[in-house]
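The report below was prepared for a reader who wants the geometric criteria stated beside each result. Please view the sequence and the model together while reading.

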Amino acid sequence: MPSAIIVGSGPNGLAAALTLAAGGVDVTVLEASDSIGGGTRSGELTLPGLLHDHCSGFHPLAVDTGFSRQFGLENHGLRWTLPDVQYSHPLDGGRGASVWRSVDRTAGELGDDDAESYRRMFGPLTRRFPQIVDEFLQPLVHVPSHPVPLARFGLYAALPAALLARRWESEEARALFAGVAAHSFRPLGSVMSSAIGVALGTAAHRYGWPVAAGGSSTITTAMAARLAEFGGRIETGVSVRDHREVGRPDLLMLNTSPSAAADILGGDLPPRVGRAYRRFRHGPAAFQVAFAVEGGIPWAHEPSRRAGTVHVGGTLPEIADAERRVVRGEMPERPFILVGQQSVADPDRAKDDVHPVDAYAHVPAGWTGDATRTIIDQVERFAPGFRDRIRSTRSLSTQQIEQYDPNFVGGDIVTGANTPFQLVFRPRVALNPYSAGIPGVYLCSAAAPPGAGAHGMAGWNAARSALAYLGSR
């Protein structure tokens, strides 16, 4: 039986391990931390009994993929649950906009001037989204199986988000798209800054933005249980700094940042690959605050109280300015913030009407300040009385986020800047972007295609490439 060592037990590492084990490979996963899961861990960060997701909380691109269809984690305790409102965007004065599963309902609430434009964009994309997802959850440079729906998606995705948002007339509709596009951590005026917003917006209508009931750690638990069925092993507290420490397995899968992979492989890495890994660009950072909030957040925009995710940043020009400053290394006075209200979809996470809330502010890479008060002030702007409901907080700086998961270099929770070049060619220009240029060695982290998200597709894709290599020997 061929053997494989997987370094790192995040969702991509575990997906790679599962795929290889199912293919008849003897698999061992090595994790430096005392707990497995990477960005899919959960715990009591504020008060006893309140369950927070440590990083990834919503999973719109994880419910219908090649990996999820192959392994059926729902048979191992994973259960998805949805909020009524998938995401929302409050504005001053109690105004705002919200996205429901229904394209028609979402469009109708935007008003007559914008409803038809919203339907024309998201209606056809939603109907063909399963084919579109299969295309972009792999390296973008490939021969498409579904060229027509992919082309429709690509026409929108290639545009600057600030430009695409102006297809709508109202401040509410423009802000709604700006908020979901800001997940890219890119200036909204840059080429292809619409891509992530179009993908996540369409996913909200096709699949919703689900949470894992009982916390994102249940994803990890289900993957580990499935791996054990195939005979795979996981060892925690094992840090790998040199590939020679793990012997000579047939396959070595690195669920690490490109720079860490270069360190581990050292002089055995082909120089051109080593240079590419060292040049790989990381993006802006996140500053996280976990809140315990009595009664939940009192948003003035009522639908935001029913939303799983709330995008806090004000109007399109405000968000565009904040994101531009962050990329330039400047801390904005009013940063863009993602607020996760997982207990809206998973009520058992709350206790005695005190709700866990997870907020992430976009900040410059490696920023050393404390954004806790800034986040509170920005939420208070759209939810008067929020400050008085806070019962406990726990903040994580960019440095602490990197310590929690070394793949999040400088606090970059999406593992790589979403520049146009890196959206297409990540982590390097190669026919097989997963290969490290050494036979049997692969990079399987979110630095490889398709990038960020707790869907495990980078690991699945890399492992399939590795299995093809074994079959060709």
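How do the residues of the lining of the largest cavity divide into nonpolar, polar and charged? The lining holds 10 nonpolar residues, 3 polar and 1 charged, where Ala, Val, Leu, Ile, Met, Phe, Trp, Tyr, Cys and Pro count as nonpolar, Asp, Glu, Lys and Arg as charged, and the others, Gly among them, as polar.

This is a predicted model, in which local features need pLDDT of at least 70 and side-chain atom pairs count only at pLDDT 80 or more, while totals for chains, interfaces and linings use all residues. Residues are numbered from 1 along each chain as its sequence is written, and side-chain values use heavy atoms, with hydrogens and water left out.

**Cavities**

A cavity is taken here as a set of points, on a 1 Å grid over the protein atoms alone, where a 1.4 Å probe fits but cannot get out, and its lining residues have an atom within 4 Å of a point. Grid points are joined across faces, edges and corners, and a volume is the space filled by probe spheres set on the points. By this rule there are 4 cavities of 30 Å³ or more, and the largest cavity encloses about 130 Å³. Its lining comprises 14 residues, of which Ala62, Phe67, Ser68, Leu73 and Trp80 are the closest to its centre. Helix H2 (66-71) and helix H10 (217-229) are the elements that give two or more residues to this lining; helices (H or I, at least four residues) and strands (E, at least two) are DSSP runs, numbered from the N terminus.

**Salt bridges**

The structure holds 25 salt bridges, each defined as a side-chain nitrogen of Lys or Arg within 4 Å of a carboxyl oxygen of Asp or Glu. Three of them are tabulated with their N to O distances.

| Pair | N to O distance |
|---|---|
| Arginine 233 and aspartate 26 | 3.1 Å |
| Aspartate 92 and arginine 381 | 2.9 Å |
| Aspartate 377 and arginine 387 | 2.5 Å |

Arginine 233 belongs to strand S9 (residues 233-236) and aspartate 26 to strand S2 (residues 26-31), so this bridge ties together parts that are 207 residues apart in sequence. Burial is expressed as relative accessible area (buried under 20%, exposed over 50%, partly exposed in between, with a 1.4 Å probe and protein chains only). Arginine 233 is partly exposed at 35%, and aspartate 26 is likewise partly exposed at 26%.

In the second pair, aspartate 92 is partly exposed at 35%, whereas arginine 381 is buried at 19%. For the third pair, aspartate 377 lies in helix H15 and arginine 387 in helix H16 (residues 386-389), so parts 10 residues apart in sequence are tied together. Both partners are partly exposed, aspartate 377 at 38% and arginine 387 at 37%. Separately, a network of salt bridges links Asp321, Arg324, Arg325, Arg328 and Glu330.

**The sheet**

An open sheet of mixed pairing is formed by 7 strands in the order S7-S6-S12-S13-S14-S11-S15, two strands being paired if DSSP finds at least two bridges between them. S7 and strand S15 (390-396) are the edge strands, each pairing on one side only. Within the sheet, strand S11 (residues 285-294) and strand S14 (residues 354-363) pair in the antiparallel sense over 10 bridges, and alanine 290 stands opposite aspartate 358 in S14.

Terms used. 1 Å grid on protein atoms, 1.4 Å probe; cavity = no way out; pocket = protein on both sides within 12 Å on 5 of 7 lines; lining within 4 Å.
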